[in-house]
Amino acid sequence: MYEVAEGTVTFQREPVPALFARLPQCNTFSLIVSFHDGVAFEEDDEWGMAHFLEHLTLQGTPEYPSLTALSGVLEAQGGKISAFSTRDTVSYWAKVPSWALDDAFTLLGKVLAPAEFDDGKVASERSIVFSEIDRESSTFRLSHGLMAEGSLMAPSRISRYPLGSRESLGRFTAGQCAAYRKRVYCSENAFISGAGSYEESSLKRGLEGLVEALPCGEARERRDEKVHMVRRAPFSRFECPGISQVNLVAGWLLAMESDEQWVVAGLLNTLLGTGFTSLLYRALREERRLTYLVSTQLRFYRRTGTFRISLDVKPEDAGEALEVIGGVIEKVKRGAFSGEELKAAQARMWGSLVLRLEDTYEYALFLNRRLGAAAGPMRLREVKDAIFSIEGSDLADCAASLLIDDRMLVSAASSREALDKITIRKGGSRNALERS
């Protein structure tokens, strides 16, 4: 049924892939149950259903008929239950003290078992999701980031706003939601991960019960697995009244061919934008004093991904900031960084992972993302070996193949007054902004 190897349990029962990491030094256990779902899979008339169903599912079960009653089962022991959606995954998770492991498996099994919905609950939860949409649209950096990422992946289905629209959500009926859930929340479409302290017998019993609670169905396939590598509009504007600074985003769509490439891309992200010693932070803040903070974000969606650089600048400094970003990237493409900078980036990437994985939920999420990306099990020592085996030429080649000049999208969000102070031009080998 399952095997134990170097602290990681691989569940062998088909059709549910599952990975578990034994962390005997911890006093907690975290469990994540995921389904291949989201805007990458939804039909046009289902837009927003994956996220909406996440809300409906946590409204309760016949035994625990509300979110309060449901949460109380684990909160009474100091634990918690929640869920999250991405563009291609919906996940339900629980984190509990190690002695409540059985409760975590049992409760998630009840939450994810087949269920019906009534129109009253659908209408009630629709108002909550509308409120979430309003909250996101009122947070201009969040809205801008979602818009920029969607623009990078257009015209694929995965580029759509994950929460749907008021119009699409308004059409959902209780029957449609129940039918969608039955089709998606099945064992053939699920994958499970966990980490923490556990007894093998308890883990086996809980896992078997959880899988048994899921109905049989059919595995889903993304129809847009291959990304559309098209030339993007060089510059887009996103108006946010009352904002004085410009939130500037430079981004690229990524197409990856192998699991190893993601490790190299992760190190490239670390070298460029992770930490106060990263190349972009040093260039934009320490040397030019153009911004308070610059950040980079690397997102994975199986073989699709996005890489974004984000910072806030004065409107009159937007052009210079973009020129600095372009210069740093060209430097990396030429391999014009030192061996010490490479070693420091490797240490930051590995150290950050080690620190993050002290939390059992983060460890479970690490395993979950590998399963979701259809990547095989990778033990921590293998990750470490992969990180420290990367050479400077590997990073230069990665930057040259992924961060292509004419596929860079530049987006600026601010008030109309601030945006009117900048325009777009094409200069040299990269896009740049200049003042009007």
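Good morning. A helix, in what follows, is a DSSP run of H or I of at least four residues, and helices are numbered from the N terminus. With that term in place, I may begin with a particular site: helix 9 is followed by Gly 275, whose phi is positive, near 95°. I should state at once that the structure before you is a predicted model.

Let me give the overall picture. The chain contains 16 helices and 14 strands. It has 436 residues, of which 53% count as buried. If we take contacts between residues at least 6 apart in sequence, 79% of them join residues at least 24 apart.

I turn to helix 9 itself, which covers residues 259-273. Its 15 residues, at 1.5 Å a residue, should span 21 Å, and the C-alpha atoms at its ends are 22 Å apart, which agrees. Is this helix enclosed by the rest of the structure or left open? Of its 15 residues, 12 are buried, so helix 9 is largely enclosed by the rest of the structure. Among the buried residues are Trp 262, Val 264, Leu 267, Leu 268 and Leu 271. The buried set also includes Asn 269 and Thr 270, as well as Gly 266 and Gly 273.

Several of these residues meet Leu 395. Leaving out residues up to four places away in sequence, Leu 395 touches Val 264, Leu 267, Leu 268 and Leu 271 of the residues just discussed, and also Val 332, Phe 337, Leu 342 and Ile 390. Leu 395 belongs to the largest nonpolar core, which has 73 residues. Together with Trp 252 and Leu 284, Leu 395 is among the residues with the most contacts inside that core. There is also a second, separate core, made up of 51 residues; its members include Leu 53, Ala 83, Val 90 and Leu 163.

Next, the strands. An open sheet is formed by five strands in the order 8-12-9-11-10, with mixed pairing. Which strands lie at its edges? They are strand 8, residues 235-239, and strand 10, residues 294-301, each of which pairs on one side only. From one strand to the next, the twist averages 20°. At one edge, strand 8 pairs with strand 12, residues 409-414, in the parallel sense, over five bridges. Within this pairing, Phe 238 has Ala 413 of strand 12 as its bridge partner. Helix 5, residues 140-153, packs on the sheet and touches strands 8, 9, 10, 11 and 12. The direction of helix 5 makes about 30° with that of strand 9.

A further group of strands is arranged around strand 6, residues 89-97. Eight of its nine residues are buried, so strand 6 is largely enclosed by the rest of the structure. Strand 4, residues 28-36, runs antiparallel to strand 6, and nine bridges join the two. Strand 5, residues 80-85, is also antiparallel to strand 6, with six bridges between them. Strands 5 and 6 form a hairpin, with three residues between them. Tyr 92 of strand 6 takes part in both pairings: it is the bridge partner of Val 33, and Ala 83 stands opposite it.

Beyond strand 4, in the loop that leads to helix 1, one finds Glu 46. Is Glu 46 buried or exposed? Its relative accessible area is 10%, and therefore Glu 46 counts as buried. Apart from neighbours within four places in sequence, Glu 46 is in contact with Phe 172, Tyr 180 and Arg 183.

I now come to the cysteines. How many disulfides does a search of the whole structure find? The search finds zero. Cys 186 serves as an example: the closest cysteine sulfur, that of Cys 216, is 8.2 Å away, too far for a bond, since a disulfide requires sulfur atoms within 2.5 Å. Cys 186 is buried, with a relative accessible area of 0%. Cys 177 is likewise buried, and its relative accessible area is 0%.

Finally, I draw your attention to Gly 351, which lies in helix 12, residues 339-356. Gly 351 is partly exposed, with a relative accessible area of 24%. Gly 351 and Lys 384 stand 33 residues apart in sequence, and their C-alpha atoms are 9.6 Å apart in space.

Thank you for your attention.

Methods: Residues numbered from 1 in each chain as written. Predicted model: local features only at pLDDT ≥ 70, side-chain atom pairs only at ≥ 80, totals over all residues. Heavy atoms only, no water. Core = buried A, V, L, I, M, F, W, Y, C linked by side-chain atoms within 4.5 Å. Buried < 20%, exposed > 50% of the residue type's maximum accessible area, 1.4 Å probe, protein only. Contact = heavy atoms within 4.5 Å. Pairing = 2+ DSSP bridges. Axes fitted to C-alpha atoms, helices over the stretch in contact; angles between N-to-C directions. Expected span 1.5 Å × (residues − 1).
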